[in-house]
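The exercises below ask the reader to work from the atoms of a structure towards a description of its contacts and strands. Each task is followed by a solution in steps.

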Amino acid sequence: MKDSEKLDNSGYIKGIDKSDMLNLCLCTHQLCKEAITIGRSFRLPQKAQVSKKLNITYKKPKNIIIAGMGGSGIGGDLLHDWLLNRMPVPVEVCRDYHLPAYAGEETLALIVSYSGETEEALSTLLDAVEHGCMTIAIASGGTLISFAQKLHLPHIVVRSGLQPRVAVPFLFFPLAIIVEKMGLISSVEEEFTETMEVLEGLAFENAAHVPLERNFVKKMAWELRSTIPVVYGFREYRAVAVRFKSELNENSKIPAKWESFPELNHNDVVGWEASIKLTKELTIVLIRDSNEPPEIRNRIEATKKLSLIKARKVLEVQARGKSALARMFSVLFLGDLTSIYLAILIGVDPAPVKIITAMKKEMQQNYNVVGKLADKVETLLR
Ligand code: F6R
């Protein structure tokens with residue numbers, strides 16, 4: 001079979017994509033719906049009595065920290081970017097074992113781990129309790145939920161059995177709904193509805209049965225084969241650019257890079273002075289929006305003109321939709337789907353992430369951080 005025929009051959013696709021990641025991705029709009037229902041059914045308590053000594057009161061926060069790693073951290077980044085222009089309090093995403101020093105009783109700490117087993121997330125949960133933060137855990141189960149239950153903390157349990165990165169709707173919408181329930185943003189229902197409609201439309205246009213010549217995402221994957229993608233985002237597309245890059249890493253198993261305007265004009269562009277031998281291995285993916293702020297549009301155009309001519313190609317992904325959320329998720333979805341089609345084209349199963357799994361096992365076997373944190377839970381309960 002010719003390479004150009006692979007993405008239009010359902011038997012070939014099935015043979016590579018053993019966990020059916022492609023169809024799961026094409027159902028993102030349905031996962032969003034399920035995630036919104038789960039978020040809406042969550043009841044925010046007024047208090048959590050952790051121990052005789054420690055009592056947490058849930059009120060309107062002065063700042064928000066969202067802690068999570070990899071696929072579980074990106075929901076926090078998306079929330080941050082989406083609400084940049086309308087969130088009255090600062091939002092920080094923590095990708096580490098410990099929360100920043102300012103975390104305290106006025107902090108809403110949302111601790112996210114899809115598996116519920118990620119040691120950094122478990123550590124930040126206990127950190128949040130020690131700091132007296134208004135702590136809420138989000139996971140599909142696992143140790144994070146059992147710690148939250150032991151400590152009498154509110155928690156949201158989402159659908160299990162997915163790869164964390166596929167579960168992005170479950171790791172974003174409940175956060176958005178909590179922020180809405182706390183009175184920090186006004187009703188977002190219309191934006192949610194539009195987002196799901198846009199995603200459904202894009203899934204239809206780029207489904208597996210739509211041939212390469214009429215399928216935008218298959219064409220993107222085709223252009224990105226045998227190159228190193230460099231995704232350039234801006235403002236509300238910063239997290240989306242990060243996500244695009246991570247999906248290329250985890251699904252397609254290739255190196256990739258991301259940058260964001262205007263910052264990239266102050267460092268990254270100089271890298272394009274390298275020899276053509278190097279730069280011709282790179283393909284630029286520009287995230288575009290018909291409502292780009294003029295200063296960003298001018299920079300994108302100037303960058304294209306001045307420096308990027310040395311890349312193998314410059315591709316553009318256009319956001320779709322009216323609301324900020326729909327536009328962000330439209331590009332996120334196109335990026336996710338590109339990475340899956342690319343995996344199939346390369347001939348690698350998009351689902352397994354062997355190195356991440358091996359790394360987690362190695363850490364747990366040698367250092368047993370989770371065991372030590374379980375002891376800490378008992379101390380906190382005293
Ligand atoms: C795997 C993936 C990873 C995980 C990360 C944290 O699909 O995307 O980036 O999300 O290793 O694990 P969880 O999400 O279980 O806390």
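## Exercise 1: A salt bridge across sequence

In this predicted model, the side chains of Arg95 and Asp77 meet in a salt bridge, with an N to O distance of 2.4 Å. Determine which parts of the chain this pair ties together, and whether Arg95 is buried or exposed or something in between.

Solution. Begin with location: Arg95 belongs to the loop between β4 and β5, while Asp77 sits in helix α5, so the pair ties together parts that are 18 residues apart in sequence. Next, take the accessibilities, for which buried means under 20% relative accessible area and exposed over 50%. Arg95, with a relative accessible area of 36%, is partly exposed, whereas Asp77, at 14%, counts as buried.

## Exercise 2: A second pair

Find where Glu295 and Arg235 lie, and state how many residues apart in sequence the parts are that this pair ties together.

Solution. The contact itself is a salt bridge between the side chains of Glu295 and Arg235, at 3.2 Å from N to O. Glu295 is placed in helix α13 (residues 294-306) and Arg235 in the loop between β8 (228-234) and α11 (238-250), so the parts joined are 60 residues apart in sequence. As for exposure, Glu295 is partly exposed at 42% relative accessibility, and Arg235 is also partly exposed, at 35%.

## Exercise 3: The setting of strand β3

Explain why strand β3 (residues 63-67) is described as largely enclosed by the rest of the structure, and identify the strands with which β3 pairs.

Solution. Five of the five residues of β3 are buried, so the strand is largely enclosed by the rest of the structure. Both faces contribute, since Asn63, Ile65 and Ala67 point one way, Ile64 and Ile66 point the other way, and all are buried. Turning to the pairing, β3 runs parallel to β5 (residues 107-112), to which five bridges join it, and β3 also pairs in the parallel sense with β4 (residues 91-94), over four bridges. Ala67 illustrates both pairings: this residue stands opposite Ile111 in β5 and has Cys94 as its bridge partner in β4. Finally, β3, helix α5 (residues 74-82) and β4 make a right-handed β-α-β unit.

## Exercise 4: Around the ligand

Which residues come nearest to the ligand?

Solution. Of the 14 residues around the ligand, Ser72, Ser113, Ser115, Thr118 and Arg165 come nearest. For Ser113, a polar side-chain atom lies 2.6 Å from an oxygen atom of the ligand. An N or O atom in the side chain of Glu250 is 2.8 Å from a ligand oxygen atom. The protein covers 94% of the 400 Å² of accessible area that the ligand has on its own.

Terms used:
Residues are numbered from 1 along each chain as its sequence is written. This is a predicted model: local features need pLDDT of at least 70, side-chain atom pairs count only at pLDDT 80 or more; totals for chains, interfaces and linings use all residues. Side-chain values use heavy atoms; hydrogens and water are left out. Buried means under 20% relative accessible area, exposed over 50%, partly exposed in between (1.4 Å probe, protein chains only). Helices (H or I, at least four residues) and strands (E, at least two) are DSSP runs, numbered from the N terminus. Two strands pair if DSSP finds at least two bridges between them. A crossover is right-handed if, with the strands pointing away from the viewer, the path from the first strand over the helix to the second runs clockwise. A residue is near a molecule or strand if one of its heavy atoms lies within 4 Å of it. A polar contact is a pair of N or O atoms within 3.5 Å; within protein, one must be able to donate a hydrogen and the other to accept it, and residues adjacent in sequence count only if both atoms are side-chain atoms. Accessible areas come from the Shrake-Rupley method with a 1.4 Å probe; for residues, only the protein chains shown count as cover. A salt bridge is a side-chain nitrogen of Lys or Arg within 4 Å of a carboxyl oxygen of Asp or Glu.
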